[in-house]
Amino acid sequence: MTQFAGISIDKIGRGAAEVPTESVQGNSMSAAPAGVPQQETAAAAAVSVKRVSKVFGDVHAVREASFDLPKGRFLTILGPSGSGKTTLLRMIAGFDAPTAGDIYIGGQPVKAVPPHKRAIGMVFQKLALFPHMTAAENVAFPLKMRRHDARTIPQKVERYLELVRLGGYGKRRINELSGGQQQRVAIARALVFEPDLLLLDEPLAALDRKLREEMQLEFRRIQKELGVTTINVTHDQREALVVSDEIVVMDGGEIQQMAQPVHTYRTPANAFVANFIGVTNFLEGPVVETSDEAIVLSVGGMRVNGAAGGTARVPSQGELAAGALRAEQIRIAPTVQGFSGLGNVVNGEVRDAIFEGERIVYEVGVPELGGAVLRVFDHDAESHQQFGPGDSVALGWNAKDMYIFKK
Amino acid sequence: MTGSLSKSIVIWTFVAASLVMLSAPTIVVLGASFTAGNMITFPPEGLSLKWYAAISQASGLRQAFFRSLYVATICTLIAIPVGTLAGIALAKYRVRFGRTIQVYLLLPFTIPLIGSGIGMMLAFGNAGLAGQLWPLGVACAVINLPFMIWAVTASASNLSPDLELAAANCGAPPLQRFLYITLPAVMPGVITGSLLMFILALNEFLVSLLLVDARNVTLPVQIYNSIRSIITPDLAAISVVFIACAAIAIAVLDRLVGLDVFLKSK
């Protein structure tokens with residue numbers, strides 16, 4: 001088990017181990033020395049999930065999930081549908097009880113605390129605004145239920161409507177507001193009573209792309225402004241990278257990796273994470289050579305140089321392994337000239353060229369690699385020669401950019 | 001072109017015929033009530049409001065009308081809590097024997113009214129309640145309860161389960177969640193259902209006839225009794241008042257929640 005900067009997880013990826021201590025905000029949790037009891041980390045964390053499992057019938061929705069989230073941080077739980085991310089969030093909110101394990105909020109176990117007694121604000125996937133109330137009544141509802149002084153409620157409501165840039169919209173009924181405005185009301189309602197923790201259950205999933213990206217930045221801004229500890233659930237990898245301080249990647253009910261976005265992207269813990277985030281090519285073959293620095297795979301008879309991926313165990317010689325290679329790490333040129341410094345150079349033929357505006361995506365068939373088709377981004381189309389289907393091209397990439405994971 | 005023309009002729013003929021058949025009784029009664037003569041006739045002989053003046057003097061009819069209002073009020077007061085809670089439960093929770101309960105609720109429709117009426121007459125008679133007015137309200141509530149439940153269920157099944165979770169997340173304990181969130185959300189159904197219950201109980205004839213004794217009759221029974229002796233235009237006038245009450249209730253309903261809520265219910 002690795003413990004570092006308040007983040008301790010069982011299935012730790014290489015990324016988390018590389019978290020720079022100075023980037024962790026807040027209290028005295030910098031680089032806890034090895035051997036510090038688990039309890040202390042849990043007490044300091046705003047949210048602490050300890051070996052939590054949830055079983056529905058014979059389905060293991062969440063399996064032994066553990067993480068600690070320091071106060072004031074923005075965590076995103078990222079995963080495909082059915083990965084258990086929403087179940088985990090519902091357990092934190094108190095809507096479902098864990099089958100096993102414990103959840104601590106502000107250092108206190110919450111097993112026996114019903115949802116209405118937890119100081120948690122939540123924005124629901126379908127917003128769940130109260131349709132028979134105005135925007136202001138929706139925002140005032142948590143204050144009334146939590147028995148805030150009635151004289152201060154209108155001011156607080158107005159202040160939070162202004163925070164989400166809906167000043168003056170209080171008297172509107174919910175169905176008189178646009179999708180984005182309803183979103184903002186839901187955020188104001190979740191935050192108005194100054195909760196210890198904010199939960200976001202894919203509230204942006206239903207929005208169109210432009211509005212979604214605007215709201216992602218809005219979440220980021222509000223979270224920074226208030227400093228509220230936030231857990232966001234999404235299947236949108238871009239959103240996770242944009243908004244989060246930390247990303248937990250989940251699949252099949254298990255946590256695959258917890259790390260800062262840049263580490264999740266650059267040093268994925270395993271093949272699943274590498275595949276789920278970014279556009280990734282996989283080259284499979286047996287390991288033919290391993291050393292401290294490099295692992296060599298045989299792909300379609302060709303030697304391919306890579307580096308050990310995030311898994312704890314480096315695949316040994318003779319074992320079947322997969323090399324993960326991001327589309328943007330591959331260079332493309334008419335000939336191999338100029339590729340001399342690269343660890344891997346192959347020749348291929350362009351199958352398809354897809355113009356996406358800011359970049360061109362090439363699909364290149366490589367006979368040397370057993371006919372594998374690699375996806376390659378060319379971001380700077382201007383200065384490069386453009387290729388069309390049938391053109392012969394050379395591809396090259398650094399050995400350190402290709403992570404080898406055991407199959 | 002000719003195809004669509006002949007199609008529209010057929011459709012419009014149908015619509016016109018339906019409208020005439022549906023509204024004819026009302027129009028006949030309405031016309032007859034304004035007659036200046038002493039017999040119920042249609043078209044009326046001259047125009048006059050004298051039969052309306054007559055019914056305002058006729059204490060028998062007036063008292064029967066108030067008895068009907070009383071029965072309808074009791075019926076509605078019983079149906080609102082029972083029907084609302086049952087409707088929400090059937091729509092939102094997986095109630096044990098939920099299907100069976102729903103089929104059971106259809107029974108009052110499938111059993112002829114005369115059958116259930118006689119059953120109730122015996123039951124109330126054994127309990128020593130025969131001839132009183134309030135048991136009739138209870139009986140109407142029992143017989144017509146499916147309307148109330150259906151109206152509430154239609155509203156409640158549109159209700160997102162997230163709403164109650166959101167209310168819990170806002171700090172509302174279970175009772176507050178019900179009062180502030182669930183109940184207002186199903187209110188259109190409750191209003192629709194209770195107005196329907198009111199109208200149905202106001203109009204109830206057969207069960208009234210069986211349960212109530214001759215000195216204590218409701219308006220429909222009173223009118224029926226009068227027809228058996230001499231048919232005078234004051235009966236048409238009181239019928240119009242009766243129809244007007246129902247029409248006002250429907251108008252109120254449409255104004256408050258919109259008729260589509262009920263039309264959409266199963």
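Colleague: Where in chain A does Ala128(A) lie?
Modeller: The answer comes from a predicted model, as does everything else we discuss here. In chain A, the place of Ala128(A) is the loop between E8 and H4.

Colleague: Is Ala128(A) buried or exposed?
Modeller: A residue needs 20 or more other C-beta atoms within 10 Å of its own to be classed as buried. Ala128(A) has 25 other C-beta atoms within 10 Å, so its class is buried.

Colleague: What is the phi of Ala128(A)?
Modeller: Most residues other than glycine have a negative phi, and that is the background for reading this value. Ala128(A) is not a glycine, yet its phi is positive, at about 50°.

Colleague: Which residues does the contact between the chains take, and how many come from each of chain A and chain B?
Modeller: The elements that give two or more residues to the side of chain A that touches chain B are strand E8 (120-123) and helix H4 (135-145) of chain A. By class, that side of chain A has 12 nonpolar, two polar and three charged residues. Counted by chain, the contact takes 17 residues from chain A and, from chain B, 15 residues.

Colleague: Which element gives the most to the side of chain A that touches chain B?
Modeller: Strand E8 and helix H4 of chain A are the elements that give two or more residues to that side. With three residues, the element that gives the most is H4(A).

Colleague: In what order do the four strands of the open sheet in chain A stand?
Modeller: The pairing in this open sheet is antiparallel. Strand E4 (59-69) and strand E7 (108-109) of chain A each have a single partner strand, so they stand at the edges, with one side of each left without a neighbour in the sheet. Read across, the order in chain A is E4-E3-E6-E7.

Colleague: Which residue in E4(A) stands opposite Ser48(A)?
Modeller: Strand E3 of chain A covers residues 47-56 and runs antiparallel to E4(A), to which seven bridges join it. Opposite Ser48(A), in E4(A), stands Asp68(A).

Colleague: Is Arg51(A) buried, exposed or partly exposed?
Modeller: Arg51(A) lies in strand E3 of chain A, and although it is not a glycine it has a positive phi of about 45°. Its C-beta neighbours inside 10 Å number 13, and therefore Arg51(A) counts as partly exposed.

Colleague: What separates the C-alpha atoms of Ile360(A) and Ser298(A)?
Modeller: Ile360(A) is found in strand E19 of chain A, which covers residues 360-366, and it counts as partly exposed because it has 19 C-beta neighbours inside 10 Å. Along the chain Ile360(A) and Ser298(A) are 62 residues apart, and their C-alpha atoms are separated by 29 Å.

Colleague: Which helices do the buried residues of H10(B) pack against?
Modeller: Helix H10 of chain B covers residues 219-228, and within it Leu219(B), Val221(B), Gln222(B) and Ile223(B) are buried. The buried residues of H10(B) pack against three helices of chain B, namely helix H3 (59-92), helix H9 (206-211) and helix H11 (233-256).

Colleague: Over which residues of chain A does pLDDT stay under 50?
Modeller: Chain A averages a pLDDT of 84, and 87% of its residues score at least 70. For the stretch you ask about, the model has 84 contacts beyond four places in sequence. The pLDDT stays under 50 over residues 1-43.

Definitions and conventions:
Residues numbered from 1 in each chain as written. Chains lettered and ligands numbered in written order. Predicted model: local features only at pLDDT ≥ 70, side-chain atom pairs only at ≥ 80, totals over all residues. Pairing = 2+ DSSP bridges. Contact = placed C-beta atoms within 7 Å. Nonpolar A, V, L, I, M, F, W, Y, C, P; charged D, E, K, R; others polar. pLDDT = per-residue confidence, 0-100. Buried ≥ 20, exposed ≤ 12 C-beta atoms within 10 Å, placed from the backbone.
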